[in-house]
Every structure is written in structure tokens, then in C-alpha cells.
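Here is an informal walk through one protein model and the ligand that comes with it. Keep the viewer open as you read.

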Amino acid sequence: MTITLRESLDLWLKAAEARLADVVLAPPPDQIGVVEQAGDGIAFVRGLPDLPLGALMRFESGASGFAHALDEDLIGCVLLDFDPVKAGEQVRGLGGVVTTPVGEALLGRIVDPLGRPLDEHGPIAAVRYDPVERAAPGIIERDLVTQPLQTGIKLVDALFALGRGQRELIIGDRETGKTAIAVDAIINQRNSDVICIYVAVGQKSSTVRQVIDAVAAHGDPQRCIFVVAGPSTAPGLQWLAPYAGFAMAEYFRDQGGHALVVVDDLSKHAATHRELSLLMRQPSGREAYPGDVFHIHARLLERAAKLSAALGGGTLTALPIAQTEAGNLSAYIPTNLISITDGQIVLSAKLFGEGQKPAVDIGLSVSRVGGKTQAPVLRELAETLRLDYAQFLELELFTRFSTTLDPRTQAQIEHGRRIRAVLTQAQYAPLSLAHEAAELLALHDGLLDGLPLDRIEAFKHQLPAWLEQSCKGVLDRIEAERTLDPSDRDRLRAAIEDLVKTLTPSASQASA
Ligand SMILES: Nc1ncnc2c1ncn2[C@@H]1O[C@H](COP(=O)(O)OP(=O)(O)O)[C@@H](O)[C@H]1O
Ligand SMILES: [Mg+2]
């Protein structure tokens, strides 16, 4: 059953009005304003002096919007759809703010920021409607981030471990694999109890389709919600999208559950905010963004939290994405977001171009909170990884034109190349903790140093099945206990050495 957007907007407004029927309305419903000027998705309304920021308004013609800017006697109203609002039209305050449906019924669905279905599965039976804008939990209501959020991406889990309740920015130029990292993190939650919410702001519908299809093919779409406000929807809807996504996630967080919100991306959101503010004739500041752009993003991302035990201990993890121009991290929006979040994964166009994927710049990336939650097995095996890798990258650069190298440097470079090869990871193939640990053990103990570089791909490809066959028990114990005891370590090591032997050319020639 399909319903049109128009019909579902009416349903949504009716529901809003019904819910507000017995609320004392402020301002009184008989107070009527008049549109002074309208166009480009906004309207200026005069004559509703008591309306607060964010208040929902209904126009005579059927359109609706919310108060975005308050002047002394003029309200800047952002429209929720591209409805033809005309000057002179009457406007009423609905006595509430913009809300969005929340609840389990949204799982597996594609909706717009007001919770109106964009898929073919009919209306959504919401548990309730929550305001899209909510205050973040206070300091007393929070707890330290203690549980890990496994992304299944070796490079991230080993070097920039994330914790549930953390805010980690994914930032880089266009086409550097930002969305890919977030999508892999979502796919990896097929084996966890984390609900994923992917918010697309102003993304091309083909890109959004790709994400949804990838999650459907590789992840667990029935535990995901897709909140989509495409580039051709009203700027008001695009503006609301991240807030709506967070409201949907908070429903799970507040019940003691776990949610992950990806916002793809906040650069587009900032641009929409700028557009609206300029239309509202608000003063603009750096790069023509209004002064409150920091505030609106900080207020949003503050809602990511690990709640205290008294409040159920639920978590909301945020992975906002931001796009840079020519790798410029010191532009206005990137610096804002870097300072708001608990760390950033920086993607480099140069590495991406060299085929290093995920193209994470390990020197510029950091995770300030999640390290404490990292599985002990990964912490142990990745202890020196970052330093070894960073030293190798320097060495590689400096020795590029050298013809002779001392054996120690040569060995360091050979080892570094294997680190790079192991950390390279295809899309849509997140690894479980045990398999990540196995590959890192191979690196840590130098088991791959004798294997030709071009066989590493084959090694990574064959390892999972090989280990499932030869040491299933060890893998299960790593998953359950998140540690690696010495006897298991020896078994794992022996199994890896066996596989390496079968892949080493001389050995296969000898056996042939
Ligand atoms: N780890 C990876 N391995 C192979 N291809 C990748 C990987 N990550 C991203 N890509 C490809 O790179 C392209 C850009 O990735 P995308 O995530 O859309 O970039 P962005 O979101 O930064 O614009 C896509 O075609 C994607 O399939
Ligand atoms: Mg993208």
C-alpha cells in the first residue's frame, strides 16, 4: 500500500493536532498571523508574537512549517514541504514543536525526517511522537564510555577503537570512502545488539540507494532505520533530518538499548543552515555561515551519550561525516566539528588514489574515548602497530631513491609493507573480533615477513576458512572473552604458520 507524501503529511498533522487537543495551547489557537512574504522554502509571518522557536505552524493553504528565526514582530518560518505559500495568507500556531515518530515500527523502514514512509510498506505505527529537538543528557545522567563499538574495519578497531556513546567524525574530501566506513560499521552491527540509523542529508538518491542496498545485501536491514532528505526536498526537511535521526535513536537509548547514528553529512547540513539563515536575513560570519552553526551541531552531537546505570545504561553513538575541500581540515565547519567530537577518522584523497583503502591518514586520525574500551586482545596485538606503521611510512619516503639499504632498514620496510597490505580492506567485508585478532597476530609476530607481498591477498582471503577449520575453539574463546591466553595464542600462531607455509612459493613447488 502506497500513500502519497501529501496524504501522509495530512495524517501526520492530524495526529499532531489530536495529540495537542487537550494541551493548553500557547499562544491561544485563535491567534492568527499573516504571511508577509514567502518563497524558497521559507515564509515571514507577522502577528504571532508569542510563538517560541521551533513552534509548528499551519498555513491557510495547508502548508506547514516551524519557527526558525524570531524577530521582534516577525517570525522566520521554515516550510516543511515545497508548498505554494502566498503573501497575505493566514497562519496559526499549532501549539507544539516539530515531532517525529519513534519506536520499533521504524526498523527496516526508509522514512523522511517527519517519519513519513518513503518505501512501499505502508503507514508506520509509532509508539509515540517525540520532539526532534531534545536537550542532551546532563552530566549526572551520563556514565563513562565503557563498551566497545566494533566496526569490523581492522584499521579502525586496531588503531582508533570506538566506544558506545562516543562521537567520532569521519572526515575527508569527496570520494575518499567516508560513507564506506560508516556503512561497514553499520553492516558489522549485524552481529551485535546495536540499532543503526543512517541519516542522509542532501545526498543524491543513487548514493542513498547504494547504501540501502549494501546494508540489505550484507547487513541486517531489519535493525536499521534510513532517514532520507534528498537534495530536492525542502531545505527545512534537510535541516531537520539529523535531529529526527537522533530522536529515533534516543528512543532505543532511553530504554537501555544501543543505537548508532550516522549523519551523512554535516557539511551539507551546515550549507542548508547557511542557506536558510541567509534567506532569513540573519547576519553571517565566517565563510558566510551564521554564528550559531557551531551551536546547532554541538547541541545535536551532545545527544550522543552513554547513560548512567540509573537511567538504564543505554548508549547512542554518533558517526557524523564531514566533507573537506582539498583536504583542508582548518576550514570553518571541519574545525568546528573536530572540536565538538571525541576524535576524527581522517581520509586522504592521496592514499585513496594510491589504492590504500580504507584511506585513513593515521597521523591525523585519533579516537579519544574508545581506546579504553578496546578488546584486550586487540590492544595487546596492536600495541606497536601505529608506531611501526608511521615509522615505515617515513622510511619509505626517505629511502625512495636509495639503491642500497642496510638489512635492518630493509627488514623494517618489508614489515611495514605487510602492515599496509593487512590493513587494506575491501568494502562490505567487516571482520569479527577473532579474525581481526588473527591477522594482527600474524603481523605482530612477523609471521608474514617471509611471505611474498603479492601472496598477502591470498593469505587474507584463505585465513578465515582455514582458522574455522583448524582452531574454531580458539576463535570462539576470543569472541567470548576478548582476550588471548598463551596456549590459544600458540595454537593460533601454529595454524597461521601452516597456512603461510602452503602459500610460500618454494613450499608449494617442493610439494608439487
Ligand atoms: N575499502 C574500500 N575498498 C574498495 N573500494 C572502496 C573502499 N572504500 C570506498 N570504496 C569506493 O570508493 C568510492 C568512494 O567511496 P564513498 O564512500 O562513496 O566516498 P565518499 O563518501 O567519501 O564520497 C566508492 O565507489 C566506493 O565503492
Ligand atoms: Mg559519501
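## Around the ligand

Gly 177 puts a backbone N or O atom 3.0 Å from an oxygen atom of ligand 1. Thr 176 joins in, with a polar backbone atom 3.1 Å from an oxygen atom of the ligand. On the nitrogen side, a backbone N or O atom of Gln 425 sits 2.8 Å from a nitrogen atom of ligand 1. Taken alone, ligand 1 exposes 560 Å², and the protein buries 72% of that (accessible areas are Shrake-Rupley values with a 1.4 Å probe; for residues, only the protein chains shown count as cover).

In total, 14 residues surround the ligand, the closest being Glu 175, Lys 178, Thr 179, Ala 180 and Gln 427 (near a molecule means having a heavy atom within 4 Å of it).

## Ground rules

This is a predicted model, where local features need pLDDT of at least 70 and side-chain atom pairs count only at pLDDT 80 or more, while totals for chains, interfaces and linings use all residues. Residues are numbered from 1 along each chain as its sequence is written, chains are lettered from A and ligands numbered from 1 in the order in which they are written, and side-chain values use heavy atoms, with hydrogens and water left out.

## Domains and cores

The domain assignment gives domain 1 (5-97), domain 2 (101-343) and domain 3 (379-511); such bounds come from an automatic or database assignment. The C-alpha centres of domains 2 and 3 are 34 Å apart, and their contact takes 19 residues from domain 2 and 19 residues from domain 3 (contact means heavy atoms within 4.5 Å).

The largest nonpolar core has 76 residues, and Phe 226, Leu 385 and Leu 448 are among those with the most contacts inside it. A core here is a set of buried Ala, Val, Leu, Ile, Met, Phe, Trp, Tyr and Cys residues joined through side-chain atoms within 4.5 Å. Helix H13 (residues 433-444) supplies the largest share, eight residues (helices are DSSP runs of H or I with at least four residues, strands are E runs of at least two, and both are numbered from the N terminus). Domain 2 and domain 3 both give residues to this core, so it lies between them. A second, separate core of 63 residues includes Leu 13, Leu 106, Leu 169 and Trp 239.

Ile 478 is another of the residues with the most contacts in the largest core. Beyond four places in sequence, its partners include Val 377, Leu 433, Ala 437 and Leu 492.

## Ala 322 and its neighbour Asp 265

Ala 322 sits in strand E17 (residues 315-323). Ala 322 counts as buried because its relative accessibility is 1% (buried is under 20% relative accessible area, exposed over 50%, partly exposed in between, with a 1.4 Å probe and protein chains only). Leaving out neighbours within four places in sequence, Ala 322 touches Leu 169, Lys 178 and Asp 265, among others.

Asp 265 has its own quirk: a cis peptide bond joins Asp 264 to Asp 265, with omega about -5°. Asp 265 is in the loop between strand E15 (258-264) and helix H6 (266-279).

## Other backbone oddities

The bond from Lys 357 to Pro 358 is also cis, with omega near -5°, and Pro 358 lies in the loop between helix H9 (349-353) and strand E19 (366-367).

Which residues other than glycine have a positive phi? Glu 287 has phi near 50°, and Ala 288 has phi near 65°. Glu 287 is in the loop between H6 and helix H7 (293-301), as is Ala 288. At 40% relative accessibility Glu 287 counts as partly exposed, and Ala 288 is partly exposed at 29%.

Methods. Polar contact = N/O pair within 3.5 Å; in protein donor to acceptor, adjacent residues only side chain to side chain.
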